[in-house]
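Let's take a walk through this one together, starting inside one chain and ending where the two chains meet. Have the model open and follow along.

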Amino acid sequence: MQGQQQQAYDRGITIFSPDGRLYQVEYAREAVKRGTPSVGVRTEEGVVLAVDKRSRSQLMEADSIEKLHKVADHVGIASAGHVADARRLIDFARRRAQLEELRYEEPVDTEVLTKAVTDNIQQYTQMGGVRPFGAALLIGGVSNGEPRLFETDPSGTPNEWKAVAIGADRSEIQDYLEEHWGPDLTLEAGIELALGALATTRDEALEAEELAMGAVEAETAIYSRLGESEINAHLEEVDLEEDEE
Amino acid sequence: MNISDPYEPEIGTVPEETAGSDEVQSAKTGTTSIGVTTAETVVIATDRRASLGGRVVSNKNVTKVEQVHDRAALTMVGSVGGAQSFIRSIRSEAKLYEARRGKPMSIDALGTVASNFLRGGPFFMINPVLGGVDETGSHVYSIDPMGGLSEDDYVVTGSGMQFALGVLEQEYEDDLTHEDGIEIATRAVESATERDTASGNGVTIAEVTEDGVDIHSHEDIDDVLESA
């Protein structure tokens, strides 16, 4: 009997269990952990997003793995977890960003955009007949000259970070970030910190084609992707530092 | 998602049909608006006057051309309010397209979006010039208030049209340099300014090149002609 009752909170719509847990949301968080990691680093000079997009087969076109997305001129988003779920949230964010520009003719504030996205995610934890999003996002943007980095999770909670990881091996990568992040990082150092963080959980060396990186510079407030050669140049720097240590 | 309806913006809606009635005395640009293609660029030139009911100059410092895309600009001709909201909608569509696909909209596609919006419901009475540069070259279009989209080497809309066309008919040639493009577009605005009561108060130039859009205004037209 007890077992059956327990199961009732475990299926269908998200409802509280007697001890106050939302199992579906917790399962969605597990789904995020099954995806390859993504890392965000905030520096005074800008926000860096880096994603690990290893594929199971060499025959897969690496460009078709979407984990890093441009959302507006000044905002990029990295995702982890279900790509299909993340895509819905990304498109929501893109539309919301343009809606804000139409309404106010101002670039959407990173925090405002994040909270619009998390409010949307939250609805999927409280309505009937739906399931939560199995994806977490890192939203990096520059608003009023200030770099901001937010995380969203499947419960719809927005958190702001100086540096953060989502996806597989999150806690190990987070430990690395906590050890190495400092308030005086340059953007270049932020890029290398993100690469070093992603490298912690890998046995073999990182390859540029298995990564995607983007950054929003504080000065220009423009999001741009790093090219493969740029990533390679930074990877060499990271390797050198590790050799010194 | 309302992407299935190409006659409406994906974000926002078109205005009510009754809203653009001529009985309301709203600001009109009158205007001379010119788009000229050169060998590798586009030059757009407009005057700077807004008028009310054709009798009052309501503003002498209007920028009637705005960037709507990394490499395209659109002029305001007709109702100022209609043109401003039209520009915001086109700009949002272009940004959404670029964010989603990772590449900018072609100028032809941008023209089609603009044409569809006007056809789908009146964005008030406007008659803009669209000009831009993409991988297929430089393009200018005139767009009529019902959505008619016409590409040409050079186009003019607005109340000063005849005077400006007279100049361009004489001066335009294929493969103009960018500087010559600025000069003839400015001289066309100058002629219209002299003879059309709804055009005047200087010139605004939008230079559209591979590097982007540069918009600058001049109260004295001679400033541009002397430096060109």
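Where in chain A is the place of Thr114(A)? Look in helix 4 of chain A. Keep in mind as you go that this is a predicted model.

Thr114(A) has a relative accessibility of 0%, so it counts as buried. Setting aside residues up to four places away in sequence, Thr114(A) touches Ile139(A), Phe150(A), Thr152(A) and Pro158(A). Thr114(A) has company in helix 4 of chain A, where the buried residues also include Thr110(A), Leu113(A), Ala116(A), Val117(A), Thr118(A), Asn120(A) and Ile121(A). And what covers them? The cover for the buried residues of this helix includes strand 3, strand 4 (75-81), helix 3, strand 5 (135-143), strand 6 (146-152) and strand 7 (158-160), again in chain A.

Now for the geometry of helix 4 of chain A. With 14 residues (110-123) at 1.5 Å a residue, helix 4 should span 20 Å, and its end C-alpha atoms are indeed 20 Å apart, so expectation and model agree. Have a look at the start of this helix too: a side-chain oxygen of Asp109(A) comes to within 2.9 Å of the backbone nitrogen of Glu111(A).

Moving along chain A, you get to helix 6 (residues 187-199). The same sum works here: 13 residues at 1.5 Å each should give 18 Å, and the end C-alpha atoms are 18 Å apart, which agrees. Is helix 6 of chain A enclosed or open? Ten of its 13 residues are buried, so the helix is largely enclosed by the rest of the structure. Among those buried are Leu187(A), Gly190(A), Leu193(A), Ala194(A) and Leu198(A), and Ile191(A), Glu192(A) and Leu195(A) belong to the buried set as well.

Those last three turn up again in the surroundings of His234(A), which sits in helix 7 (residues 228-244) of chain A. Leaving out neighbours within four places in sequence, His234(A) is in contact with Glu188(A), Ile191(A), Glu192(A), Leu195(A) and Leu226(A). With a relative accessible area of 8%, His234(A) falls under the 20% cut-off, so it is buried.

Over in chain B, pick out Leu165(B), which lies in helix 3 (residues 161-171) of that chain. Its relative accessible area is 27%, so Leu165(B) is partly exposed. Not counting residues up to four places away in sequence, Leu165(B) touches Tyr154(B) and Val156(B). Ser89(B) is 76 residues from Leu165(B) in sequence, and the two C-alpha atoms are 29 Å apart in space.

Finally, the interface. Chain A and chain B bury about 1300 Å² between them, 49% of it on carbon and sulfur atoms. On the chain A side, Arg95(A), Gln98(A) and Leu102(A) lose the most area to chain B, together accounting for 47% of what that side buries. Eleven residues of chain A and 14 residues of chain B take part in the contact.

How many salt bridges are there between chain A and chain B? The count is seven. One to inspect is between the side chains of Glu105(A) and Arg88(B), at 3.6 Å from N to O. There are also eight residue pairs in polar contact between the chains. Strand 3 (68-72) and helix 3 (83-104) of chain A each supply at least two residues of the side that touches chain B, and helix 3 of chain A gives the largest share, with seven residues. By class, this side of chain A has three nonpolar, one polar and seven charged residues.

Conventions. Residues are numbered from 1 along each chain as its sequence is written. Chains are lettered from A and ligands numbered from 1 in the order in which they are written. This is a predicted model: local features need pLDDT of at least 70, side-chain atom pairs count only at pLDDT 80 or more; totals for chains, interfaces and linings use all residues. Side-chain values use heavy atoms; hydrogens and water are left out. Contact means heavy atoms within 4.5 Å. Buried area is the accessible area (1.4 Å probe) that two parts lose on being put together, summed over both. A salt bridge is a side-chain nitrogen of Lys or Arg within 4 Å of a carboxyl oxygen of Asp or Glu. A polar contact is a pair of N or O atoms within 3.5 Å; within protein, one must be able to donate a hydrogen and the other to accept it, and residues adjacent in sequence count only if both atoms are side-chain atoms. Helices (H or I, at least four residues) and strands (E, at least two) are DSSP runs, numbered from the N terminus. Ala, Val, Leu, Ile, Met, Phe, Trp, Tyr, Cys and Pro count as nonpolar, Asp, Glu, Lys and Arg as charged, and the others, Gly among them, as polar. Buried means under 20% relative accessible area, exposed over 50%, partly exposed in between (1.4 Å probe, protein chains only). The expected span of a helix is 1.5 Å times one less than its number of residues.
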